[in-house]
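Colleague: Can you take me through this one? I'll ask as I go.

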Amino acid sequence: MSRTKIKKHSSSVWMILPLYFFTLVFVAGPLIYMVALSFAQPGSGSAVEWNLTLENYKKILDPVYLQTFRESFQLALTSTVIICILGYPFGYFMAKMSESWKKKAMLLLMLPFWINSLIRLYGWIIILQNRGILNHVLKTLGIIDKPLKLLYSYPAIVVGMVYVLLPFMILSVYSSAEKLDWSLVEAARDLGAGKIKAFWTVSFKLTLPGLLSGVILTFIPSMGLFFIADILGGNKIVLVGSLIQEQMTRGSNWPFAAALAVVLMILTSLMIGLYRKITNVKELEGIG
Amino acid sequence: MKKNSKFSSLYMGIIFFLMYLPVAVVIIFSFNESKLPVRFTGFSLKWYQELLGDSAMIEALGNSLILGVASCLVSAVIGTLGAVGLSRIHWKTKGAMEYISILPLMIPEIILGMVLMAFFYLLNIPFGMLTLLLGHTVFCVPYILMEVKARLAGMDPSLEEAARDLGAGSFRAFRDITLPLIMPAVVSGSLLAFAMSMDDVVISIFVNGPRISTLPVKVYTQLKTGVTPEINALCTLMLAFTIGVLAVYYLAGRLLKGKNRLFSIKKK
């Protein structure tokens, strides 16, 4: 028996080889190269000189670049807080719906995922621009006399971020509220807790993993979604993402870009690690 | 207790309205006569005509479709075989390998795009369709891998063992038993991968090179410079296409599920 088992396993090796090869060469390889690159020196053009140095990391500490990290962080934080405030109740209410409504709401929620995010952002450009719909409506209602400058501003970027990332928060809160045992809430009410107290001590605590995983699913991408800041913010705010892109293309300082990427990656992993520590969960709620 | 108030329905309604408002606006203005998306001046299909006459745009669309199909096929093979293989072997590196292969979904896209660009340059692979294909395959494989893995977890391993006991080789057992059973997961994973490939901007921007452009990259550069309602028309068509793919997916899922149900009835 054990011999056939061994034979069975060894004869399955051919199946795994493409994955092993591809993953090692095109996923692990580039990431290792990125770390190596971050210690190199920029040469002329896209060339790199292999004199190991910490210069690139020191450069990040330059006030200009620290400012970029701070601004990215601030923007990500602002967007994430708004996403939490908007998305948590939505996911929570959705879990309380009847089965048939749940299905409909899920479909409505998933459909935008399948529409190119650029298309959806373009819709916001039409709405927010100077002679756009929102200004037109506000003017007709007599709320403003002169069109507001809505597009290419900080709030416009936040709108874009919130818009693109909100479904992730809703889905992860929903999937954790779905599993909530509502009789626990009832028990709390029966024992004399008010509506708010019952929610706070029971429902909120039990859906916290969903909320936290939503925070990670929205916070991490919002540090890197440079095209939102580009399209809706008109390059007014430089995010870490835009900085990396600029260094890779116009700036031609690849080692510096690599160092920025390494730092961003460390920040990302720290957040995921923190999440796992807090919730004791291995996989993020709401994906997979 | 498990009841929704009027407030919550209203709240969800407002959020859904805001979610679909930009999409609706894009579609409506694609039929607008005037060039400026400010007021609706009259129904017209002229932007669709102009779009069809725009050869650069059509070429980008062709590139995106070829790329989407190719990367989806390549990653379907790698991902499906890999998931089945991972369920069969017990190497020490298995856990690590699984983790690394799913990594592209967990790191910010910008990092993935940047490292791939640097890496392709290092390997001296000329930027173009090949680098795009490799780049897209990197983030497509995990979708298929995860879908198939989930499906395999719910599968009865004795079916394949029976085939092996009856003398089928590993390839034969895979082709005749395992593959038909995991097919729904392969299809749904591939469709997801295709959609992601058609949607990708960030990674494509880094690895496409100067000569080749995919549709999302083209749309992105247009949005940054001058926008014409041609973009609206394009967006509407892409949306129609997406809904078409979803419909096919839904129907295929139903058909395949039906087939499986038949299979399980026969088994009984």
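Colleague: Where in chain B is Asn124(B)?

Modeller: Asn124(B) lies in the loop between helix 5 (109–123) and helix 6 (129–153) of chain B. Helices here are DSSP runs of H or I with at least four residues, and strands are E runs of at least two, numbered from the N terminus. This is a predicted model: local features need pLDDT of at least 70, side-chain atom pairs count only at pLDDT 80 or more, and totals for chains, interfaces and linings use all residues. Residues are numbered from 1 along each chain as its sequence is written, with chains lettered from A and ligands numbered from 1 in the order in which they are written.

Colleague: What is the phi of Asn124(B)?

Modeller: Near 65°, a positive value in a residue other than glycine. Most residues other than glycine have a negative phi.

Colleague: Is Asn124(B) buried or exposed?

Modeller: Asn124(B) counts as exposed because it has 6 C-beta neighbours inside 10 Å. The cut-offs are 20 or more other C-beta atoms within 10 Å for buried, 12 or fewer for exposed, and partly exposed in between, with C-beta atoms placed from the backbone.

Colleague: And which loop holds Tyr152(A)?

Modeller: The one between helix 7 (133–140) and helix 8 (154–178) of chain A. Tyr152(A) is not a glycine either, yet has a positive phi of about 55°. Tyr152(A) is partly exposed, because it has 17 C-beta neighbours inside 10 Å.

Colleague: Switching to chain B overall. How many helices and strands?

Modeller: Chain B has 11 helices and 0 strands. Of its 268 residues, 41% are buried. The C-alpha trace of chain B spans about 70 × 60 × 35 Å along its principal axes.

Colleague: How many residues does each chain put into the contact?

Modeller: 69 from chain B and 69 from chain A, where contact means C-beta atoms, placed from the backbone, within 7 Å. On the chain B side, helix 1 (residues 6–30) gives the most, with 12 residues. That side has 53 nonpolar, 9 polar and 7 charged residues. Nonpolar is Ala, Val, Leu, Ile, Met, Phe, Trp, Tyr, Cys and Pro; charged is Asp, Glu, Lys and Arg; the others, Gly among them, are polar.

Colleague: Back to chain A. At what angle do helix 10 and helix 13 of chain A pack?

Modeller: About 180°, with the axes of helix 10 (residues 195–224) and helix 13 (residues 254–279) 10 Å apart. Axes are lines fitted to C-alpha atoms over the stretch in contact, and angles run from 0 to 180 degrees between N-to-C directions. So helix 10 of chain A is roughly antiparallel to helix 13 of chain A, a label for angles over 145 degrees.

Definitions and conventions: Contact = placed C-beta atoms within 7 Å. Parallel < 35°, antiparallel > 145°, perpendicular 65-115°, else oblique.
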